[in-house]
Amino acid sequence: MPALPLIIDTDTGSDDAVALLLAAASGLGDIRAVTTVAGNVPVEAGTRNALISLQTAGRTDVPVHPGCQRPMTRVLSSAQHVHGQDGMGDIDLPDPVAAPQDTHAVEVLLSLPRRYPGELTLVTLAPLTNIAAALLSDPLLLTRFRHVYCMAGAADLAGNISPTAEFNVWADPEAARIVTQAATPDKVTWIGWDVSRKDAVMSPADQRRLEQIGTPMADFAHRINRTLDEWARDVTGLAGYDLPDPVAMAVALDPGLITEREQAHVDIAVGDQTRGQMIIDRRKAAPAPNLTLVRRVNEAGFKKLLFDTLANPVPSPA
């Protein structure tokens, strides 16, 4: 199968970085552009981290475009307490050799799918600010992609930033709401934190395996998730740290990994008490579905893709 042409929108923290490695080095993805947005870290740091991640995968040729510096109507609330102040475990990574592009992320999100209608797959790993901003200019934007996969939400209403909300949606719920209002289930698939919590947890044994692979990409992936591991142990109670962005990327690259999904009508709460919560209407009288929700993936298949990719030597730049 030819590699999947991709645009990736990211707020590059440590798990986003691993997702970028999957897209860049698995042989399944053909990254045409990376767009960045404020979320896990400020957009400047996320842009730097994206460039470092792509360089680690041998892809300094991929253009990286900085985007929105804050949510649509709110102040930025980052996840630096999870991923480190630099978003990458605070391990003093050297500056990347490549520089970001001048073209704004929203302009790229508007122009590329018009240039290649129905060809590109969009994968979002971040708050949906860039996507919502583009939708305000082009309400048909989502229809111009082959498909849109979003690491967003928690379909079981068990949150990681609040009792019921997942960080990407909580960080900019107004943007997420704009996306759901423009979405259709044949075009837009959400992979939530519930999937990561169940099927993408890196157990201590998985972490030892990752550490022992010994390649530059595996060493990078292990080291940058140090603070994420500490946070997961102290806050989520999982048996290891989980990888929401890599499992979302894996689903985009290989939808055959999905073992359970549903279509439903989803709205997003924007009030303070339930900020970012998914409002999922499963009644018979519910409005027509607007999203496909992935509920479970093949954990063994996901981890095989992850470990096989990270075991590759760093490829030569395209």
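In this predicted model, strand S5 (147-151) and helix H12 (244-253) each contribute at least two residues to the lining of the largest pocket. The volume of this pocket comes to about 270 Å³. Its lining is made up of 14 residues, and those closest to the centre of the pocket are Met1, Leu4, Arg146, Ala252 and Leu253. By character, the lining of the largest pocket comprises nine nonpolar, three polar and two charged residues.

Helix H12 is a good element to follow further, beginning with its helix partner. Helix H1 (residues 14-25) packs with H12 at an angle of about 25 degrees, and the two axes lie 7 Å apart. Because angles under 35 degrees count as roughly parallel, H1 is described as roughly parallel to H12. The crossing of H1 past H12 is right-handed. On the H1 side, the contact is formed by Asp15, Asp16, Val18, Ala19, Leu22 and Ala23, which meet Pro244, Asp245, Pro246, Met249 and Leu253 of H12. Eight nonpolar and three charged residues take part in this contact of H1 with H12, with no polar ones. Leu253 thus appears in two settings: among the residues closest to the centre of the largest pocket, and in H12 where that helix meets H1.

Attention can now turn to the enclosed spaces. How many cavities of 30 Å³ or more does the structure hold? There are two of them. The largest cavity has a volume of about 250 Å³, and 21 residues line it. Nearest to the centre of this cavity are Asn40, His83, Asn160, Phe167 and Pro244. Several helices share in the lining of the largest cavity: H1, H3 (80-83), H6 (167-171), H11 (226-236) and H12 each supply at least two residues. Of these, H3 gives the most, with three residues. The lining of the largest cavity divides into ten nonpolar, five polar and six charged residues. Here too the pair of H1 and H12 returns, as both helices contribute to this lining, and Pro244, one of the residues nearest the cavity centre, is also one of the H12 residues that meet H1.

The second largest cavity has a volume of about 30 Å³. Its lining consists of Ala152, Ala155, Trp190, Gly192, Asp194, Met278, Leu293 and Val294. Six of these lining residues are nonpolar, one is polar and one is charged.

Key. Residues are numbered from 1 along each chain as its sequence is written. This is a predicted model: local features need pLDDT of at least 70, side-chain atom pairs count only at pLDDT 80 or more; totals for chains, interfaces and linings use all residues. Side-chain values use heavy atoms; hydrogens and water are left out. On a 1 Å grid over the protein atoms alone, a cavity is a set of points where a 1.4 Å probe fits but cannot get out, and a pocket is an open set with protein on both sides within 12 Å along at least five of seven lines; lining residues have an atom within 4 Å of a point. Grid points are joined across faces, edges and corners, and a volume is the space filled by probe spheres set on the points. Helices (H or I, at least four residues) and strands (E, at least two) are DSSP runs, numbered from the N terminus. Ala, Val, Leu, Ile, Met, Phe, Trp, Tyr, Cys and Pro count as nonpolar, Asp, Glu, Lys and Arg as charged, and the others, Gly among them, as polar. Axes are lines fitted to C-alpha atoms, for helices over the stretch in contact, and angles run from 0 to 180 degrees between N-to-C directions. Angles under 35 degrees count as roughly parallel, over 145 as roughly antiparallel, 65 to 115 as roughly perpendicular and the rest as oblique. A crossing is left-handed if the near helix is turned anticlockwise from the far one by less than a right angle, and right-handed if clockwise. Contact means heavy atoms within 4.5 Å.
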